[in-house]
Amino acid sequence: MAKNDIITIEQLIEKARGYLSEKDIAFIERAFKYADDAHKEQFRKSGEAYIIHPIQVAGILVDLKMDPETVAGGFLHDVVEDTDITLEMIEEEFNKEVAMLVDGVTKLGKIKYQSKEAQQAENHRKMFVAMAKDIRVILIKLADRLHNMRTLKFLPPEKQRQKANETLEIFAPLAHRLGISTIKWELEDISLRYLNPQQYYRIVQLMKQKRDQRESYIEEVIEEVNEQLKEVNIEADISGRPKHLYSIYQKMNKQNKQFNEIYDLLAVRILVDSIKDCYAVLGIIHTCWKPMPGRFKDYIAMPKQNLYQSLHTTVIGPKGDPLEVQIRTKEMHEIAEYGIAAHWAYKEGKQINKDKKSFEEKLTWFREILEWQSETHDAEEFVESLKVDLFSDMVYVFTPKGDVIELPSGSVPLDFAYRIHTEIGNQTIGAKINGKMEPLDYQLKNGDIVEVLTSKHSYGPSQDWLKITQTSQAKNKIRAFFKKQRREENIAKGKDLVEKEIRSMDIEPKLALTEENLQRVYERFNFTSEEDLYAAVGYQGITAALVATRLTDKIRQTRQKEQDLAQTLEEAKNEFKDKKKYKKDSGVIVEGVDNLLVRLSKCCNPVPGDKILGYITKGRGVSVHREDCPNVQTEEAKQRHLHVEWEKNQSQKQYHVDLEISGYDRRGLLNEVLQSVNELKTNITHVNGRSDRNRMAIIQITILIHNTGHLRKIVERIKQIKDVYTVTRTIQ
């Protein structure tokens, strides 16, 4: 895949001709023209025509040799979200399949949520559920995210860090879980560049310094291996394996190592024709050079859950340096690079999927997403559980028959039991690990042989099992047991808990528990009746506090509005009896009456030169805010706005301003910032600093300035300091 080059539609079509029929080419060309027309006169943050983004997304999908419906989905993935086109129109113009793929990657833009986090969680939930129905949804989403990351430089620094964090938390692990390493590595490297630029460019520089030395060493190794393989008549493609920046950064960070202590900077990859040749090559490598203990992994006999297969070994190379060697077949290499996408590859209108049954079995964890989502009624909880189950480090254990079971790190025998079968989990009474009895909260380790002891006379799960199990699958099956076995009891218990929570809010339950209100809330949490809602509270599937909050939100909002309106009317009667101009020490002139209190708001700290407005507060006169202050932008707040203006000739007055400075955390950075401010004869009233795990320093200072011109001089001076990335004026 070309990482920086922008592919044109002509180049994309030419590349697609390499594996698609003329009928398919006509189909994707039609999708391009439709998207081009829909996005006309739209532009990206970079200033380029918006259609360039869908072309790049579709180009990445063509690199993966995806089918025509998926490529069309790449062209059309933003039209529903960003234009007047509807899903019905797409289905009518193309087909149901394309409409479903576009729907899967379309954000939920027209629904109001309490927070951006809740909305983002709902978006992820929608995407994962669509992905569980059709894996191609996530391939489009990964292509979309990859191009967005390639163009991240056009966004503000805060947005860059937010996108990079989300990519590392959700999308890069998901690409890894699907085995698409070619996308995974690029997402991780770009994310590191924006989250910790200092370390990123440091590693780049260190890699460059010894590149010639490493390349000559690898050439020597390749020549030696080629000679050995010729003697036994094994044909192979041998090449140096590029090391990715993020993996180097992780090893340096987690293992507290220096750059020169990273073993696998020197690596070769050997591609052969058969599995038999893989093991033959391994023997030759171990004959040539001494293998390092504990550094051999056989992913051919025991493939990873993401379908990855390869032999890994580390040996002491020709010059005494550690050398990593990967050995695999060419088919294994294609799956290692493109993962699940390799199974969806198209050639002349046919999907290539040589072992469909095995492919489906290896993706059972993916299908379980549908089950989890039906049991989890809070989107943020759903996404968090997915991070644990799909994206955490994994532990590999064996059944007594030798089958390999993959579980998240920290899993216990109960997680293993429920992974095997629901009834085995429900009837578990104990567990043997490596032939020895262990408690049910024993943390499983790689290579453990797990035998679950069951009894038909078991009374079923204990509520305590919810606390010790780690996987969402196990927790949901335990909750399902209680839901089924004790429904009536749970309904009564749940209703009692909800009513108790409502009373604690000083609201009479009968006001909140109306039929219409209950229906609104149980549908919000994906239940089919109020009994199901109460039962879920009873068996701890959802908290009573969350349900009570949703049931009373309209009542509480109405009460608050009534109180605010009464207060405002009272203030209006007392304060606005005539219209005069009144001055205060704040340096602001307000259209008000005599003795009206005027104060500068501390949330945005306005200073002369800022555009300002007045806001009538409850019993505290008028507070003055900057016009762009988000705290006074609601429709309700706008009803209390008042015209204000700065008093002239106030050069002697000083005003507080809060600044946030971000940069690389190095020794002396804080002192240089403070010194630069002092040099401009500016008083500092508050200083606070912190550093995160990525060595990003955040310095917060409060200074006294005369006006915006004075402020600009200070900001420009601070920006000139080495390793300072951004200087922003903050609003609390």
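Is T708 buried or exposed? The views below come from a predicted model, and that residue gets its own close-up further down.

**View 1. The whole chain, before zooming in.** In this predicted model, the chain has 31 helices and 24 strands. Buried residues account for 51% of its 732 residues. If you look at contacts between residues at least 6 apart in sequence, 65% of them join residues at least 24 apart.

**View 2. Where to trust the model, and where to be careful.** The mean pLDDT over the chain is 80, and 82% of the residues reach at least 70. Among the elements, helix α4 (residues 68-76) has the highest mean, at 93, while strand β14 (residues 580-583) has the lowest, at 45. The pLDDT drops below 50 over residues 352-362, a stretch that has 15 contacts in the model beyond near neighbours in sequence. Residues 576-583 are also below 50, and here the model shows 27 contacts beyond near neighbours in sequence.

**View 3. Helix α1 and its buried face.** Helix α1 covers residues 9-16, and its buried residues are I9, L12, I13 and A16. Looking down the axis of α1, you'd find these buried residues within an arc of 95°, so they line one face of the helix. Here's the general rule behind that pattern: an α-helix has 3.6 residues a turn, so residues three or four places apart point the same way. E10 and E14 are exposed on the other side of α1. What do the buried residues of α1 pack against? Their partners are α2 (22-38), α3 (52-63) and α4.

**View 4. The crossing of α20 and α23.** Helix α20 (residues 413-420) and helix α23 (residues 472-485) have axes that come within 9 Å and cross at roughly 75°. The two helices are therefore roughly perpendicular to each other. From α20, the contact uses D415, Y418 and R419; from α23, it uses Q473, A474, K477 and I478. Sorted by type, the residues of this contact are three nonpolar, one polar and three charged.

**View 5. T708 in helix α31.** Back to the opening question: T708 is buried, because its relative accessible area is 16% and the cut-off for buried is under 20%. T708 sits in helix α31, which covers residues 708-719. Setting aside residues up to four places away in sequence, T708 touches V607, P608, G609 and D610.

**View 6. L704 in strand β23.** L704 belongs to strand β23 (residues 696-705). With a relative accessible area of 14%, L704 is buried. Which residues does L704 contact, leaving aside its neighbours within four places in sequence? They are Q654, Y655, H656, T682, N683, T685 and H710. K653 is worth picking out too: L704 and K653 are 51 residues apart in sequence, yet their C-alpha atoms are 9.3 Å apart in space.

**View 7. Two loop residues with a positive phi.** As a general point, most residues other than glycine have a negative phi. E41 has a positive phi of about 70°, although it is not a glycine. You'll find E41 in the loop between α2 and α3, and at 77% relative accessible area E41 is exposed. K681 isn't a glycine either, and has a positive phi of about 55°. K681 is in the loop between α30 (669-679) and β22 (684-691). K681 is exposed as well, with a relative accessible area of 78%.

**View 8. L265, a buried loop residue.** L265 is in the loop between α14 (245-254) and β2 (267-272). Its relative accessible area is 13%, so L265 is buried. Between the C-alpha atoms of L265 and I248, the separation is 8.2 Å, with their positions 17 residues apart along the chain.

**View 9. K184, a buried lysine in helix α11.** K184 is part of helix α11 (residues 181-195). How accessible is K184? Its relative accessibility is 13%, so K184 counts as buried. Neighbours within four places in sequence aside, K184 makes contact with A172, A175 and H176. P173 is 11 residues from K184 in sequence, and the C-alpha atoms of K184 and P173 are 7.3 Å apart.

Definitions and conventions:
Residues are numbered from 1 along each chain as its sequence is written. This is a predicted model: local features need pLDDT of at least 70, side-chain atom pairs count only at pLDDT 80 or more; totals for chains, interfaces and linings use all residues. Side-chain values use heavy atoms; hydrogens and water are left out. pLDDT is the predictor's confidence in each residue, from 0 to 100. Helices (H or I, at least four residues) and strands (E, at least two) are DSSP runs, numbered from the N terminus. Contact means heavy atoms within 4.5 Å. Buried means under 20% relative accessible area, exposed over 50%, partly exposed in between (1.4 Å probe, protein chains only). The arc is that of the directions from the helix axis to the C-beta atoms. Axes are lines fitted to C-alpha atoms, for helices over the stretch in contact, and angles run from 0 to 180 degrees between N-to-C directions. Angles under 35 degrees count as roughly parallel, over 145 as roughly antiparallel, 65 to 115 as roughly perpendicular and the rest as oblique. Ala, Val, Leu, Ile, Met, Phe, Trp, Tyr, Cys and Pro count as nonpolar, Asp, Glu, Lys and Arg as charged, and the others, Gly among them, as polar.
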